[in-house]
Amino acid sequence: MRRRAFGAAVTAAVLLLAPGTAQAQRDRIPQARVWVTTPDRAEQLHERAPVSFTRGDSDLTTITIDPSTTYQRMDGFGASLTDSAAAVLHRLDPAARDAAMRSLFDPRQGIGVSFLRQPIGSSDFTAASAHYTYDDVPAGQTDFPLAHFSIAHDEAQILPLLRRARQLNPHLTVMGTPWSPPAWMKTSDTLMGGHLKDDPRIYDAYARYLVKYVQAYARAGVPIDYLTIQNEPQNRHDGGYPGAAVPVPQEAKVIEALGPLLRRASPRTKILGYDHNWSTHPGDVGTTPPGEDPETDYPYRLLASPAAKWLAGTAYHCYSGDPSAQTALHEAYPDKGIWFTECSGSHGPADTPEQVFRGTLTWHARTLAIGTTRNWAKSVVNWNIALDHTGGPHLGGCGTCTGLLTLQADGSVTRDAEYYTIGHLAKFVKPGAVRIASTSFGTVGWNGQIMDVAFRNPDGSTALVVHNENDNPRSFAVAVGDRSFEYELPGGALATFTWPRGAFAADRPVALEDATATASPAGENAGAAVDGDASTRWSSGAAQAPGQYLQADLGATRWFRKVAVDSGDNLGDYARSWELSASTDGVHWRTLATGTGTGQLITVELPLTRARHLRITNTGSSGNWWSIADLRLYR
């Protein structure tokens with residue numbers, strides 16, 4: 001397959017000034033390094049030749065990076081080293097096992113997995129012959145003193161691997177999550193199903209149980225950074241594996257008992273609430289017992305309760321709804337963080353390996369790697385970090401789940417699509433990185449366009465993750481300030497671009513949170529042109545003709561020096577010629593500039609200008625509709 005990088009090679013003149021001078025720094029041509037994974041496996045985190053930034057704009061769909069606008073700080077990316085995963089890795093001889101661990105956790109030789117979500121006790125992915133917790137006693141007995149508490153099961157395989165993971169990546173974050181409290185604490189008296197007993201002594205005992213887990217793991221060399229109360233507290237299905245329905249009032253009571261204990265015993269360990277789907281699964285609603293509330297707004301109720309004072313934020317899973325739920329919760333509770341903590345790759349029984357890899361890579365790329373992070377997630381965590389070729393071992397639960405690594409029947413270890421979707425983040429986006437603004441045109445629901453997410457690392461470097469949703473190759477540009485490069489990605493490909501700090505300065509955007517817009521013809525959703533989301537657009541709904549316009553009320557008088565009119569990734573939907581006008585009162589207008597459109601992004605440089613209203617008028621004709629995905633102003 002022929003591949004080419006646009007934005008041609010620029011030959012640098014030999015510098016006459018001494019190295020290290022300010023002039024040499026200015027003349028140095030910044031480059032971006034590039035890694036690509038394709039759905040056909042032709043490239044798998046393959047580093048291509050670097051691409052050079054050049055001065056000026058591009059006519060292509062342009063990803064515009066704004067380093068001055070920042071969002072959430074990232075904790076890390078990874079999966080779960082379940083009992084099953086540990087058993088699979090221990091089937092390997094020591095050298096092969098260490099090679100597999102390096103491929104996962106080593107930031108240089110591997111992908112640098114930086115976040116693990118660990119089951120507290122048994123889950124459906126256990127290699128043990130029976131499910132377990134850390135305080136199991138014979139049926140009918142209780143253990144309020146927790147005299148039988150022990151993590152001995154984990155000392156055999158799980159904890160040695162966790163210690164090795166922390167050696168390979170000292171910046172590893174570890175989260176603990178129980179699939180069930182001990183059976184003696186539950187109404188079902190088993191690890192399957194039931195609720196916590198509604199008894200203050202039980203809430204206290206369960207809180208102490210979780211604290212003992214945190215303390216025991218810390219003594220074993222694995223400090224716990226985050227803790228949730230219950231995996232999927234609305235999951236009432238008996239899938240043959242541990243689970244418990246924990247309504248909001250019960251979760252709140254446990255948190256209120258746990259918070260003070262944890263603050264004294266392990267101040268580093270923060271509590272996250274909920275740990276379930278973006279929206280309540282229809283199956284969970286349907287299995288709600290008569291007279292019980294399905295609590296479809298569970299995370300909102302929890303954050304509105306007194307228990308919220310002990311919560312760092314909320315954890316989400318992928319099995320119902322979409323990532324926009326994270327942004328909705330963030331807007332309601334902006335002082336609480338959001339973590340994405342579980343999603344398993346899966347497949348149909350007749351799917352070929354090629355279908356599984358392609359489908360998993362593309363869905364996870366757009367929905368998890370980009371979709372969750374663009375919606376405030378501080379982590380992206382898959383389910384099992386390793387499984388065998390049968391999708392196991394497991395004891396109940398999912399029989400078609402996939403991991404980051406697979407141990408094949410011949411003893412070889414292969415890398416699944418999740419290895420690459422997590423790798424395109426974990427290897428290049430370091431713990432402590434901050435997401436920065438970037439225009440993105442694709443959607444998690446799939447619209448066949450280019451989508452992306454950008455981060456600034458603690459060392460000041462930038463990492464940009466780009467996914468081509470289309471099945472065909474797509475060309476695009478990446479712009480920062482007055483520099484840009486052009487590139488082409490194969491259909492369905494996922495790429496990461498990185499470049500060092502200080503390469504160039506970027507424009508300062510003008511906030512337009514209160515802006516509104518009208519258009520003639522009205523077309524589709526004029527407000528989408530000023531909503532700060534390039535995946536939405538205003539479109540004329542008709543062929544381009546002179547006199548069509550989009551008019552924006554900026555919400556207040558603004559000062560600006562530059563206007564960008566971005567037609568997004570709907571190729572050809574740019575104005576063939578245009579006029580930009582401004583007004584302070586919406587009645588009296590003055591022309592700021594006129595020009596000819598040659599591509600998707602039109603930028604207009606101006607003297608310092610003051611206005612409340614802007615109007616972009618189409619003065620040409622074309623058979624294409626006219627679209628504006630984003631109207632941006634800069635100072």
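Student: Is strand 7 (residues 173–178) mostly covered or mostly exposed, and how many of its residues are buried?

Tutor: In this predicted model, T173, M175 and T177 point one way from strand 7, while V174, G176 and P178 point the other way. In a regular strand, side chains alternate between the two faces of the sheet. Residues of both sets are buried here. Strand 7 is thus mostly covered, and its buried residues number 6 of 6.

Student: Which residue of strand 7 stands opposite Q118?

Tutor: Strand 6 (residues 115–120) pairs with strand 7 in the parallel sense, over 6 bridges. Within this pairing, the residue opposite Q118 is G176.

Student: What is the bridge partner of M175 in strand 8?

Tutor: Strand 8 covers residues 226–228 and pairs with strand 7 in the parallel sense, over 2 bridges. The bridge partner of M175 in strand 8 is Y226.

Student: Which helix joins strand 7 and strand 8 in a right-handed β-α-β unit?

Tutor: Strand 7 and strand 8 are parallel partners. The helix that completes the right-handed β-α-β unit with them is helix 6.

Student: In the open sheet of 8 strands, which are the edge strands?

Tutor: The order of this sheet is 11-10-9-8-7-6-5-13, with parallel pairing. From one strand to the next, the twist averages 30°. Each edge strand pairs on one side only, and the two are strand 11 (337–342) and strand 13 (379–384).

Student: At what angle does helix 11 run to strand 13?

Tutor: Helix 11 spans residues 353–372 and lies across strand 11 and strand 13. These two strands are the edges of the open sheet of 8 strands. The angle of helix 11 to strand 13 is about 140°.

Student: Which residues touch the most other members of the largest nonpolar core?

Tutor: The largest nonpolar core holds 105 residues. Helix 6 (residues 200–219) gives the most to this core, with 12 residues. The members that touch the most others are F105, Y217 and I385.

Student: Leaving aside neighbours within four places in sequence, with which residues is F105 in contact?

Tutor: F105 is one of the three residues named for touching the most other core members. With neighbours within four places in sequence left aside, the contacts of F105 are G112, V113, L116, A165, L168, N169, L172 and I385.

Student: How many residues are in the other core that lies apart?

Tutor: This other core includes A517, L580, I616 and W626. Its number of residues is 30.

Student: Why is Q551 classed as buried?

Tutor: Q551 is found in strand 26 (residues 549–566). A residue counts as buried under 20% relative accessible area. Q551 is therefore buried, since its relative accessible area is 17%.

Student: Which side chain does a polar contact of 3.0 Å join to that of Q551?

Tutor: Leaving aside neighbours within four places in sequence, Q551 is in contact with T516, A517, T518, W589, L614 and R615. The polar contact of 3.0 Å joins the side chain of Q551 to that of R615.

Student: Which residue of strand 17 stands opposite L407?

Tutor: An open sheet of 3 strands has the order 14-16-17, with mixed pairing. Its edge strands are strand 14 (386–388) and strand 17 (413–415). Strand 16 (residues 405–407) and strand 17 pair in the antiparallel sense over 3 bridges. Opposite L407 in strand 17 stands V413.

Key
Residues are numbered from 1 along each chain as its sequence is written. This is a predicted model: local features need pLDDT of at least 70, side-chain atom pairs count only at pLDDT 80 or more; totals for chains, interfaces and linings use all residues. Side-chain values use heavy atoms; hydrogens and water are left out. A nonpolar core is a set of buried Ala, Val, Leu, Ile, Met, Phe, Trp, Tyr and Cys residues joined through side-chain atoms within 4.5 Å. Buried means under 20% relative accessible area, exposed over 50%, partly exposed in between (1.4 Å probe, protein chains only). Helices (H or I, at least four residues) and strands (E, at least two) are DSSP runs, numbered from the N terminus. Contact means heavy atoms within 4.5 Å. Two strands pair if DSSP finds at least two bridges between them. A crossover is right-handed if, with the strands pointing away from the viewer, the path from the first strand over the helix to the second runs clockwise. A polar contact is a pair of N or O atoms within 3.5 Å; within protein, one must be able to donate a hydrogen and the other to accept it, and residues adjacent in sequence count only if both atoms are side-chain atoms. Axes are lines fitted to C-alpha atoms, for helices over the stretch in contact, and angles run from 0 to 180 degrees between N-to-C directions.
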